[in-house]
Amino acid sequence: MALAEDNEMFGAIEAGGTKFVLAVGHSPTKIIARHEIPTRSTAETLEAAAAWLESHGVITALGIASFGPVELDKASPQWGRITNTPKPGWANCDIAGFFAERLKVPIGFDTDVNGAALAEYRMGAGLNASSLAYCTVGTGIGGGLILGGAPVHGAAHPEMGHIFPRRHSHDLDFEGICPHHRDCLEGLASGPAIKARWKASLSELPSDHIAHEIIAEYLAQLAHALFALTAVEVIVMGGGVMKTPHLLDRVNERSSQLGAGYFPGESKHKIVAPSLGDQAGITGALLLASAP
Ligand code: ZN
């Protein structure tokens, strides 16, 4: 990737369900200004984002890393849209089309987690690694995957929060809360799934509570599946639930047990916290702008 010349300015949007993070910068490492706005109606939010970007002068390109699901097929007339989100008013929102029309610039567009994965791969935990997955465990569970230097797009984008883990023997009665699959990973191990079972967040429960073992088990199964299916080297696990003390250690320990020494590349496998912290998403969006 050719980094931008200093005289070029790029815009970036990390579009989330509760807030939009906006930035302008000469390159992903040179953010000049950053701003957050709450996610309201599509008209209000997109207008406020456009006005802020315009107030910083002319940009060369815009990168958007968006909550999903989104359409990523460039051959589709639906490209650049948020598709069937349950978020009221946002289904079928032509987010890339709005900014292309308004700002008259090329748009780089991907999911928020693919954006974060790209940022960690190029500038964070994935430096010197061949491949990286970025998983967020919070209100929902999602993940982006970088293989061969680029985010994985197939029929759409990965939905790794919706795999079905093998149930923990002390967690057989809980139905799960995913409206589509009930006891998929998100239905069992997201923040709301934890609250639904134990009426508290994981970090509020005592460290010897079985919940820690149960959630670590499910996340370790996600890591195991990623290692087995994709041979990815580095898995970054972020999001609110992952801020629970010692959860990452538990996931690492259990993932090693599940692997049982079988994987040929095991010495390269790593499950780590985000290096870029909460900046991964907006940095990823700026990277998407640099190569729309
Ligand atoms: Zn599901």
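How many bridges join strand S6 (residues 132-137) to S7? In the predicted model examined here, six bridges join the two strands, which run antiparallel. S6 and S7 form a hairpin with three residues between them, and within this pairing Tyr-134 stands opposite Gly-144 of S7. Strand S7, which spans residues 141-147, is mostly covered, six of its seven residues being buried.

On leaving S7 the chain enters another hairpin, this one with strand S8, and here two residues lie between the strands, with Gly-148 adopting a positive phi near 60°. The pairing of S7 with S8 (residues 150-151) is again antiparallel and extends over two bridges, one residue pair being Leu-147 and its bridge partner in S8, Ala-150.

These strands belong to an open sheet of five strands in the order S8-S7-S6-S9-S10, in which the pairing is mixed. S8 and strand S10 (270-272) occupy the edges, and because each has a single partner strand, one side of each is left without a neighbour in the sheet. Whereas the S6 and S7 strands run antiparallel, strand S9 (residues 234-238) and S10 run parallel and are joined by three bridges; in this pairing, Ile-235 has Ile-271 of S10 as its bridge partner. Helix H6 packs on the sheet, where it touches S6, S7, S9 and S10, and its direction makes about 150° with that of S9.

Helix H6 (residues 210-230) also packs against helix H5 (residues 191-198), the two being inclined at an angle of about 150° with their axes 12 Å apart. The crossing of H5 and H6 is right-handed, and the contact is made by Ile-194, Arg-197 and Trp-198 on the H5 side and by Ala-211, Ile-214, Ile-215 and Tyr-218 on the H6 side. As a general point, an α-helix has 3.6 residues a turn, so residues three or four places apart point the same way.

A further open sheet of five strands has the order S3-S2-S1-S4-S5, also with mixed pairing. Strand S3 (30-38) and strand S5 (107-111) stand at its edges, and since each has a single partner strand, one side of each is left without a neighbour in the sheet. From one strand to the next the twist averages 15°. Strand S2 (residues 19-27) pairs with S3 in the antiparallel sense over eight bridges, and Ser-27 has Lys-30 as its bridge partner in S3. Helix H3 packs on this sheet, touching strand S4 (61-66) and S5, with a direction that makes about 100° with that of S5.

Helix H8 lies across strand S1 (10-15) as well as S2, S3, S4 and S5, and runs at about 135° to S1. H8 (residues 280-290) is mostly covered, with 11 of its 11 residues buried; among them are Ile-282, Leu-286, Leu-287 and Leu-288, together with the glycines Gly-281 and Gly-284.

Two of these H8 residues recur in the surroundings of Leu-118, a residue of helix H3 (residues 112-123). When neighbours within four places in sequence are left aside, Leu-118 is in contact with Ile-146, Pro-151, Leu-287 and Leu-288. Leu-118 counts as buried because its relative accessibility is 4%, which falls under the 20% cut-off. The C-alpha atom of Leu-118 is separated by 32 Å from that of His-168, a residue 50 places away along the chain.

The model also contains a zinc ion, which is coordinated at 2.1 to 2.4 Å by His-162 (ND1), Cys-178 (SG), His-181 (ND1) and Cys-184 (SG). In sequence these donor residues follow the spacing H-x15-C-x2-H-x2-C. The arrangement around the zinc ion is tetrahedral because the four donor atoms subtend angles of 100 to 123°, within the limits of 85 and 135 degrees that define this geometry. Among the donor residues, Cys-178 is buried, with a relative accessible area of 4%, whereas His-181 counts as partly exposed because its relative accessibility is 31%, a value in between the 20% and 50% limits.

How values were computed
Residues numbered from 1 in each chain as written. Predicted model: local features only at pLDDT ≥ 70, side-chain atom pairs only at ≥ 80, totals over all residues. Heavy atoms only, no water. Donors = N, O, S within 2.8 Å, 3.2 Å for Na, K, Ca; no water. Tetrahedral: all angles 85-135°; square planar, octahedral: opposite > 155°, others 65-115°. Buried < 20%, exposed > 50% of the residue type's maximum accessible area, 1.4 Å probe, protein only. Helix = DSSP H or I, 4+ residues; strand = E, 2+ residues; numbered from the N terminus. Pairing = 2+ DSSP bridges. Axes fitted to C-alpha atoms, helices over the stretch in contact; angles between N-to-C directions. Left-handed = near helix turned anticlockwise from the far one by under 90°. Contact = heavy atoms within 4.5 Å.
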